[in-house]
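Q: Please choose one theme in this structure and look at it closely, going slowly and explaining each term as it comes up.

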Amino acid sequence: MRVIGLMSGTSYDAIDAAAADLSLVGDSLVLKPLGLVSEAYDDGLREALAAALPPGRTSMAEVCRLDTRIGQAFAAAAVRADRELCDGRAELAASHGQTVYHWAEHGQVHGTLQLGQPAWIAEATGLPVVADFRPRDIAAGGQGAPLVSLVDLLWLRGRPGTPVALNLGGIANLTAPDGTAFDTGPGCALIDAAASEARWGSPRTESGGGFSGGRFAYDVDGALAGHGSVREPLLERLLEEPYYALPAPKTTGKELFHLGHLRDALAGFGTLPAEDVVATLTMLTARTVADAVRAVGATEVIASGGGTRNPVLMRMLGQQLAGVALRTSDALGLPAAAKEAYAFAVLGFLTVHGLPGTDPTSTGARHPRVLGSLTPGRDGLRLPPPARERPVRLVLE
């Protein structure tokens, strides 16, 4: 089955659409990557989304508008992926949507909201669409994340030692071979917030104040961090956040790790150069990820996500891991920039074949569950016959 996986992460910089040929062969799920296209949100939509996310306030009218506009943007990415990667022969779209709120309190997740109405995708492509993956796991008592953990477990099964899959998105998460999976804390969320903030600090990189004058949505190539110094007192204050000490399974998001969180940590430090603040936040990500990796006894870390494109973050992480091998998923044949989109293509494939998309050890759910909601395509909803058994490994072709 030819499936298009659609993903936009907590950095909400672009929609990734990855196409894959997927098939069940014995006890293996075989994935042949067909490529990736990426569509940036237009400036107006990105600004509207940023304004609605915590700690911002919004209205039901704006939620409706965002749900529609994000759905239309996902539809455009799916159309392009079908045309450019599948020769117009895609059979299914699997859309993660855009997370706007993850309702977590005292270690328990009560709900989650992803916007991007799938009807727009079905209407534009004619394909059936699997969407809304996370709520079913939450309804079964799980965290609803990290959902890529099942794909990681299938993919890394049989690899020697204790390999850990790491995603460095806006929020960082990892999966260990025993099924332990959780969000370690901020990946790039706080780095992005500081790099794009334009109203405070006294940076050396800009005249007239501000971090980047609002010109950058993230620390491009780690340039700010690379010219800064880690401020240990600020780092120690940031590390006091109670989330880091919570046991797994646990999940978090920009409901916690946003600009207000950083402002609170900076209180009392006076004026710091932007480069030093970003360098300290980059070390915060490296330190908290490395602490989590050591806690699960990893012998190897296989990283993916946008953070792998930040050379300063990867260098700091390598130093913090001290003896634990660090490589990107590209080295194993799965493009680091596309891994999550491919993962949701896999989850959509599992859903239409009646197979669970979660591992309870990873999310804390009571039972494995078939995930998502289905929107019929142009020809109605014609599902393949249910699979007879669950795959035990993912093989890249």
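**Salt bridges and the helices that carry them**

A: D291 and R294 lie three residues apart in helix α10 (residues 274-295), and therefore about one helical turn separates them. Their side chains meet in a salt bridge, with 2.6 Å from N to O; the term means a side-chain nitrogen of Lys or Arg within 4 Å of a carboxyl oxygen of Asp or Glu. Helices (H or I, at least four residues) and strands (E, at least two) are DSSP runs, numbered from the N terminus.

The model is predicted, so local features need pLDDT of at least 70 and side-chain atom pairs count only at pLDDT 80 or more, while totals for chains, interfaces and linings use all residues. Residues are numbered from 1 along each chain as its sequence is written, and side-chain values use heavy atoms, with hydrogens and water left out.

Returning to this pair, D291 is partly exposed, its relative accessible area being 36%, and R294 also counts as partly exposed, at 42% relative accessibility. Here buried means under 20% relative accessible area, exposed means over 50%, and partly exposed lies in between (1.4 Å probe, protein chains only).

The structure as a whole holds 12 salt bridges. One of them joins K339 to D152, whose closest N and O atoms are 2.6 Å apart. This pair ties together distant parts of the chain, since K339 sits in helix α12 (residues 339-352) and D152 in helix α5 (residues 149-156), with the two positions 187 residues apart in numbering. Both K339 and D152 are buried. The helix around D152 is mostly covered as well, for eight of the eight residues of α5 are buried; they are S149, L150, V151, D152, L153, L154, W155 and L156. After α5 comes G158, which has a positive phi near 90°.

A further salt bridge brings the side chains of E300 and R327 together, at 2.4 Å from N to O. These partners also belong to distant parts of the chain, E300 being in strand β10 (residues 300-304) and R327 in strand β11 (residues 325-328), 27 residues apart. Burial is not shared evenly here: E300 counts as buried at 7% relative accessibility, whereas R327 is partly exposed, with a relative accessible area of 32%. Elsewhere, salt bridges that share partners connect E39, R80, R83 and E84 in one network. D87, just after helix α2, takes a positive phi of about 55°.

Helix α10, where this account began, also has a helix partner. Two packed helices are described by the angle between their axes and the distance between the axes. The axes of helix α6 (residues 189-196) and α10 come within 9 Å and cross at roughly 170°, which means that α6 runs roughly antiparallel to α10. Angles over 145 degrees count as roughly antiparallel; the axes are lines fitted to C-alpha atoms over the stretch in contact, and angles run from 0 to 180 degrees between N-to-C directions. On the α6 side, L190, I191, A194 and A195 meet V277, V278, L281, T282, L284 and T285 of α10, where contact means heavy atoms within 4.5 Å.

One of these α6 residues, L190, is also touched by H261, which further touches L238, E241 and L256 when residues up to four places away in sequence are not counted. H261 is found in helix α9 (residues 259-266), and H261 is buried, with a relative accessible area of 13%.

How values were computed:
Parallel < 35°, antiparallel > 145°, perpendicular 65-115°, else oblique.
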